[in-house]
Amino acid sequence: MEIIETERLILRPFRQGDQQAMFDSWTSDEQVAKWCRWYTHKDISDTEALLEMYLNEAENGFPYRWAITLKGADKPIGCIDVVGMDEKESFCEIGYVISRKLWGKGLMTETVRAVTEELFRCGFKKVIAACKTDNIGSRRVMEKSGMTFAAEGVYQEKFGSDKTIPVFYYEIKR
Ligand SMILES: CC(C)(COP(=O)(O)OP(=O)(O)OC[C@H]1O[C@@H](n2cnc3c(N)ncnc32)[C@H](O)[C@@H]1OP(=O)(O)O)[C@@H](O)C(=O)NCCC(=O)NCCS
């Protein structure tokens, strides 16, 4: 995977030792998890297992996941990754999350803009993302990143759950 530099951020691979920053910044925060398909982590061991999965996937050649870090502070404050793709159709779906302490500073917009550019450079022709219909912040991020509303749909609410919820899909094409 490519390390991506933006004005304020370095987007880099996850590495051993990142679990505490991940836990402190987002995985243990239920106000963050409520918008995502994973359950709040109750214990650092949950995040260790997630990081282990990330590292295994990277080792097996999955290149589309970045730890978001602030320049000058090498700790992950968030994550952005490809959560689904259709390589034949050249499109992929991204998901993203950032520490609640840092919401509203334009950091995710900066991240999504840079990552969509990188995904186009990698050969994808379309990048999509989905959010719960009441996730105003995520919708604004997508709009400010140049994505446009594509469709209403439904999504599995949580990994491992049977419940579906309404979502809005956004897309950007190249
Ligand atoms: C959604 C999320 C990624 C936004 O990240 P962020 O870094 O705060 O976003 P930005 O600062 O780039 O905000 C972009 C715009 O959205 C607005 N915005 C962000 N959060 C908002 C909120 N909760 N309510 C209303 N507007 C919001 C910002 O004000 C900004 O608009 P403006 O420039 O017109 O003021 C972040 O809140 C988050 O991690 N939420 C939990 C996980 C999540 O929802 N992930 C996406 C799942 S689909």
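# Exercises on a predicted protein–ligand model

Lys105 lies in the loop between β5 and α4; helices (H or I, at least four residues) and strands (E, at least two) are DSSP runs, numbered from the N terminus. Residues are numbered from 1 along each chain as its sequence is written. The model is predicted: local features need pLDDT of at least 70, side-chain atom pairs count only at pLDDT 80 or more, and totals for chains, interfaces and linings use all residues.

## Exercise 1: A loop residue

Determine whether Lys105 counts as buried or exposed, and state how far Lys105 is from Glu59.

Step 1. A residue is buried if 20 or more other C-beta atoms lie within 10 Å of its own, exposed if 12 or fewer, and partly exposed in between, with C-beta atoms placed from the backbone.

Step 2. Lys105 has 11 C-beta neighbours inside 10 Å, so Lys105 counts as exposed.

Step 3. From C-alpha to C-alpha, Lys105 and Glu59 are 33 Å apart in space, with their positions 46 residues apart in sequence as the separation.

## Exercise 2: The chain as a whole

Describe the order of helices and strands in the protein chain, and explain why the chain is as compact as a globular protein of its length.

Step 1. The protein chain holds five helices and eight strands. Along the sequence they follow the pattern β-β-α-α-α-β-β-β-α-β-α-β-β.

Step 2. The radius of gyration is 15 Å, close to the 16 Å that the globule rule gives for 174 residues, so the protein chain is as compact as a globular protein of that length. This radius is taken over C-alpha atoms, and the rule is 2.2 Å times the number of residues to the power 0.38.

Step 3. The C-alpha trace spans about 40 × 35 × 35 Å along its principal axes. Of the 174 residues, 29% count as buried.

## Exercise 3: The sheet

State in which order the eight strands stand in the sheet, and which strands stand at the edges.

Step 1. Two strands pair if DSSP finds at least two bridges between them. The eight strands form an open sheet with mixed pairing, in the order β1-β2-β3-β4-β5-β6-β8-β7.

Step 2. β1 (4–5) and β7 (148–156) stand at the edges with a single partner strand each, so one side of each is left without a neighbour in the sheet.

Step 3. β7 runs antiparallel to β8 (residues 164–173), and eight bridges join the two; here Thr148 has Glu171 in β8 as its bridge partner. β6 (residues 126–132) pairs with β8 over seven bridges, also in the antiparallel sense, and Lys132 stands opposite Val167 in β8.

Step 4. β3 (residues 65–70) and β4 (residues 73–86) are antiparallel over six bridges. They form a hairpin with two residues between them, and Gly72 in the turn has a positive phi of about 85°.

Step 5. β4 and β5 are antiparallel and joined by eight bridges, with Glu93 in β5 as the bridge partner of Gly84. Their hairpin has four residues between the strands, and its turn includes Ser90, with a positive phi of about 60°.

## Exercise 4: The interior

Identify the residues with the most contacts inside the largest nonpolar core, and the element that gives the most to this core.

Step 1. A nonpolar core is a set of buried Ala, Val, Leu, Ile, Met, Phe, Trp, Tyr and Cys residues joined through C-beta atoms within 7 Å. The largest has 38 residues, and Ile68, Val115 and Ala129 have the most contacts inside it.

Step 2. α4 gives the most to this core, with six residues.

Step 3. Two residues are in contact if their C-beta atoms, placed from the backbone, lie within 7 Å. Leaving aside residues up to four places away in sequence, Ala129 touches Glu93, Ile94, Met142, Met147 and Tyr170.

## Exercise 5: The ligand shell

State how many residues surround the ligand, and which element gives the most to the shell.

Step 1. The ligand is surrounded by 21 residues, the closest being Trp35, Met108, Thr109, Gly137 and Arg140; a residue is near a molecule if its C-beta atom, placed from the backbone, lies within 6 Å of it.

Step 2. β5 (91–98), α4 (107–121) and α5 (136–144) each supply at least two residues of the shell, and α5 gives the most, with six residues.
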